[in-house]
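Welcome! Take a moment to look over the sequence and the 3D view below, and then we can walk through them together.

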Amino acid sequence: MRLTVPSLAVMLALAACATQEAKPDPALAAPATGKPVSCINKDQVVSRRPLGDKAILFEMLGGKRYRNDLPAACPSLSRADMETLVFEVHGSQYCRNDSFRVVDPMAMRSVGIKAFPICRLGEFTPIGKERQR
């Protein structure tokens with residue numbers, strides 16, 4: 001096979017992208033600022049975002065943050081956003097061992113929620129407030 005200069009350039013660019021490592025989120029390595037807790041109040045959560053496939057960052061009213069280190073990797077978690085994390089909790093708190101699913105809302109219409117794997121929360125480690133920018 002004979003490669004032209006443009007196709008060779010595209011292949012080299014793709015190879016460079018494949019070898020670049022994503023920089024880890026600083027919250028993933030942030031030191032604990034207190035003892036882990038088993039539950040946090042859902043009403044106090046202002047945002048949540050994945051930190052790879054094994055952790056979720058919960059940001060609370062007042063700026064406090066908790067990193068939830070999952071007991072096992074959760075498929076597709078690193079690509080999830082707030083709309084695609086569906087928690088199955090009872091009561092007013094997110095607690096250790098509560099389950100959630102990472103769902104694709106469009107696919108869920110045709111396959112149903114049970115087609116997506118169940119993931120479980122771990123303990124909530126306080127990691128302090130986010131730095132002001």
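Which backbone oxygen does the side chain of asparagine 68 reach? It is the backbone oxygen of glycine 122, at 2.7 Å. Please keep in mind along the way that this is a predicted model.

## The overall picture

Let's step back to the whole chain. The protein chain has 133 residues, and 32% of them count as buried. It holds 3 helices and 9 strands. Following the sequence, you meet them in the order α-α-β-β-β-β-β-β-β-α-β-β.

How do distant parts of the sequence come together? Among contacts in the protein chain with a separation of 6 or more, 55% are between residues 24 or more positions apart. The accessible surface amounts to about 9,000 Å², and carbon and sulfur atoms make up 56% of that.

## Asparagine 68 and its surroundings

Now back to the residue we began with. Asparagine 68 sits in strand 4, which covers residues 65-69. Is asparagine 68 buried or exposed? Its relative accessibility is 0%, so asparagine 68 counts as buried. Strand 4 is mostly covered as well, with 4 of its 5 residues buried.

Leaving aside residues up to four places away in sequence, asparagine 68 touches Lys54, Ala55, Ile56, Phe58, Leu121, Gly122, Glu123 and Phe124. Gly122 in that list is the residue whose backbone oxygen the asparagine 68 side chain reaches.

## Strand 4 and its partners

Which strands pair with strand 4? One of them is strand 3, residues 55-60, which pairs with strand 4 in the antiparallel sense over 5 bridges. Within this pairing, phenylalanine 58 has tyrosine 66 of strand 4 as its bridge partner. Strand 3 and strand 4 form a hairpin with 4 residues between the strands, and there glycine 62 takes a positive phi near 85 degrees.

Strand 9, residues 124-126, is also joined to strand 4, by 3 bridges, and these two strands run antiparallel. Tyrosine 66 appears again here: its bridge partner in strand 9 is proline 126. Tyrosine 66 is thus a handy landmark to find in the view, with phenylalanine 58 and proline 126 as its bridge partners.

## Two disulfides

A disulfide is a covalent bond between the sulfur atoms of two cysteines. This structure holds 2 of them. Counting the bonded cysteines along the chain, the disulfides follow the pattern 1-3, 2-4.

One disulfide joins cysteine 39 to cysteine 95, with an S to S distance of 2.0 Å. Cysteine 39 belongs to strand 1 (residues 39-41) and cysteine 95 to strand 6 (residues 93-95), so this pair ties together parts that are 56 residues apart in sequence. The link is right-handed, with 115 degrees about the S-S bond. Cysteine 39 is partly exposed at a relative accessible area of 28%, whereas cysteine 95 is buried at 16%.

The other disulfide joins cysteine 74 to cysteine 119, S to S 1.9 Å. Cysteine 74 lies in the loop between strand 4 and strand 5 (85-88), while cysteine 119 lies in strand 8 (residues 118-120), so the pair ties together parts 45 residues apart in sequence. The torsion about the S-S bond of cysteine 74 and cysteine 119 is about 75 degrees, so this disulfide is right-handed. Cysteine 74 counts as buried at 1% relative accessibility, and cysteine 119 counts as buried at 5%.

Technical notes
Residues are numbered from 1 along each chain as its sequence is written. This is a predicted model: local features need pLDDT of at least 70, side-chain atom pairs count only at pLDDT 80 or more; totals for chains, interfaces and linings use all residues. Side-chain values use heavy atoms; hydrogens and water are left out. Buried means under 20% relative accessible area, exposed over 50%, partly exposed in between (1.4 Å probe, protein chains only). Contact means heavy atoms within 4.5 Å. Accessible areas come from the Shrake-Rupley method with a 1.4 Å probe; for residues, only the protein chains shown count as cover. A polar contact is a pair of N or O atoms within 3.5 Å; within protein, one must be able to donate a hydrogen and the other to accept it, and residues adjacent in sequence count only if both atoms are side-chain atoms. Two strands pair if DSSP finds at least two bridges between them. A disulfide is a pair of cysteine sulfur atoms within 2.5 Å.
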